[in-house]
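Welcome! Take a moment to turn the structure around on your screen before reading on. This report will walk you through a few of its features.

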Amino acid sequence: MSDYFIVDKLEFATVDLVRREIERGSTLRLKVLDSCMAPFIRNCDIVQIRSSQITDLRPGDIIFFQLNQSLYIRRLISTKEIEHNSHL
């Protein structure tokens, strides 16, 4: 039995589980099944993710996020401050 999740076409329950574990402060290892971050992160690489304060993120950081019911790993290009709160 592997100790990581596979990030590819995750069902709703699995996406929800990953989100809850990250919110609890857990560090997760995930297997990436996409080459969108190549050559930095390649297909089948294992990535380790943990929660971070949004104010700690800087352009160039690698971020993991949920949009609708999909999970993504991308490089943060820029940040924007709106009404004294940091937002991506």
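## Helices and strands

A helix here is a DSSP run of H or I with at least four residues, a strand is a DSSP run of E with at least two, and both are numbered from the N terminus. By that rule, V18 sits in helix α1. Please keep in mind as you explore that this is a predicted model.

How many helices and strands does the protein chain have? There is 1 helix, together with 7 strands. If you follow the protein chain along its sequence, you meet them in the pattern β-α-β-β-β-β-β-β.

## Inside and outside

The protein chain has 88 residues, and 24% of them are buried. Its accessible surface is about 6,600 Å², with carbon and sulfur atoms making up 49% of that area. Now think about contacts in the protein chain with a separation of 6 or more: 39% of these come from residues 24 or more positions apart.

Let's go back to V18 in helix α1. Is V18 buried or exposed? A residue counts as buried when its relative accessible area is under 20%. V18 has a relative accessible area of 1%, so it is buried. You can also look for L30, which is 12 residues away from V18 along the chain; the C-alpha atoms of the two are separated by 9.6 Å.

## A hairpin to find

Next, look for strands β4 (residues 62-67) and β5 (residues 70-75). These two run antiparallel and are joined by 6 bridges. Together β4 and β5 form a hairpin, with 2 residues between them. One residue in the turn, N68, has a positive phi of about 60 degrees.

You can trace the pairing residue by residue. L67 stands opposite S70 of β5, while F65 has Y72 in β5 as its bridge partner. As you compare neighbours, it helps to know that side chains in a regular strand alternate between the two faces of the sheet.

## The loop between β2 and β3

The loop between β2 (28-32) and β3 is home to P39. A cis peptide bond joins P39 to A38, with omega at about 5 degrees.

C44 lies in the loop between β2 and β3 too. C44 is a residue other than glycine, and its phi is positive, near 80 degrees. Partly exposed means a relative accessible area between the buried limit of 20% and the exposed limit of 50%. At 41%, C44 is therefore partly exposed.

## The largest pocket

Where is empty space left? Rolling a probe the size of a water molecule over the atoms shows this. The largest pocket has a volume of about 730 Å³. It is lined by 22 residues, and those closest to its centre are I22, R50, S51, S52 and F64.

Which element gives the largest share of this lining? The answer is β4, with 5 residues. At least two lining residues come from each of α1 (12-23), β3 (46-49), β4 and β5. Sorted by class, the lining of the largest pocket contains 13 nonpolar, 5 polar and 4 charged residues.

Methods: Residues are numbered from 1 along each chain as its sequence is written. This is a predicted model: local features need pLDDT of at least 70, side-chain atom pairs count only at pLDDT 80 or more; totals for chains, interfaces and linings use all residues. Side-chain values use heavy atoms; hydrogens and water are left out. Two strands pair if DSSP finds at least two bridges between them. Buried means under 20% relative accessible area, exposed over 50%, partly exposed in between (1.4 Å probe, protein chains only). Contact means heavy atoms within 4.5 Å. Accessible areas come from the Shrake-Rupley method with a 1.4 Å probe; for residues, only the protein chains shown count as cover. On a 1 Å grid over the protein atoms alone, a cavity is a set of points where a 1.4 Å probe fits but cannot get out, and a pocket is an open set with protein on both sides within 12 Å along at least five of seven lines; lining residues have an atom within 4 Å of a point. Grid points are joined across faces, edges and corners, and a volume is the space filled by probe spheres set on the points. Ala, Val, Leu, Ile, Met, Phe, Trp, Tyr, Cys and Pro count as nonpolar, Asp, Glu, Lys and Arg as charged, and the others, Gly among them, as polar.
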